[in-house]
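Welcome to the tour! Keep your viewer open and follow along, one selection at a time.

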Amino acid sequence: MVCLGNICRSPLAEGILKSKAKNLNLTVDSAGTANYHIGKNPDIRSIEIAKKHGIDIKNQIARQFTKHDFKNFDVIYAMDKQNYYDIIQKASSDFDKKKVKLILNEINSNIDSVPDPYYGGENGFNKVYEMLDKACEKIIFDFE
Ligand code: 4NP
């Protein structure tokens, strides 16, 4: 799960997917394309919305996406189009590029990017949660 800062959207996506994948042999992780927040815990607003849904993400630690992630993961979900292009830039083969997907393409969504909630209010986080919950439900449904 990859966004820009790895403190708002992708930590939530990681927490939600992990919570749905409990009995499955899946390795779920998240990262940011930017380096601004490396080493930080998620934004308090993401922690709170996750907690409201019974998911604990407070101990996640932000890291930056690297080209090694292409070796370690089969699928890489980008939260938005800019993340998608930034990840593709780090790919070294068509095989790697094919691993990268826009997470909202998993569901019937009228938008293709999960809006960045960082500069908005709490409702932005609610919306992000709902979108990611739907997308993760579909990811698990297809995996099973
Ligand atoms: P994220 O949100 O990409 O969902 O983690 C952001 C967090 C921080 C910034 C931008 C987006 N920032 O500019 O610091």
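Select Cys136 and look for its closest cysteine sulfur: that sulfur belongs to Cys3 and is 13 Å away, too far for a bond. Cys136 is also buried, with a relative accessible area of 0% (buried means under 20% relative accessible area, using a 1.4 Å probe and protein chains only). Before you move on, note that this is a predicted model, where local features need pLDDT of at least 70, side-chain atom pairs count only at pLDDT 80 or more, and totals for chains, interfaces and linings use all residues. Residues are numbered from 1 along each chain as its sequence is written, and side-chain values use heavy atoms, leaving out hydrogens and water.

Next, select Cys8. Its sulfur lies 7.0 Å from the closest cysteine sulfur, again in Cys3, which is too far for a bond. Cys8 counts as buried too, at 5% relative accessibility. How many disulfides are there in the whole structure? A search finds zero, a disulfide being a pair of cysteine sulfur atoms within 2.5 Å.

Now show the ligand and the residues around it, those with a heavy atom within 4 Å. Among them are Cys3, Cys8, Tyr36, Asp116 and Tyr119.

Zoom in on three spots where oxygen atoms of the ligand meet the protein:

- Leu4: a backbone N or O atom lies 2.9 Å from a ligand oxygen.
- Arg9: a side-chain N or O atom is 2.7 Å from a ligand oxygen.
- His37: a side-chain N or O atom is 2.8 Å from a ligand oxygen.

Finally, look at the ligand as a whole: the protein covers 92% of the 350 Å² of accessible area that the ligand has on its own (areas by the Shrake-Rupley method with a 1.4 Å probe).

Definitions and conventions:
Buried means under 20% relative accessible area, exposed over 50%, partly exposed in between (1.4 Å probe, protein chains only). A polar contact is a pair of N or O atoms within 3.5 Å; within protein, one must be able to donate a hydrogen and the other to accept it, and residues adjacent in sequence count only if both atoms are side-chain atoms.
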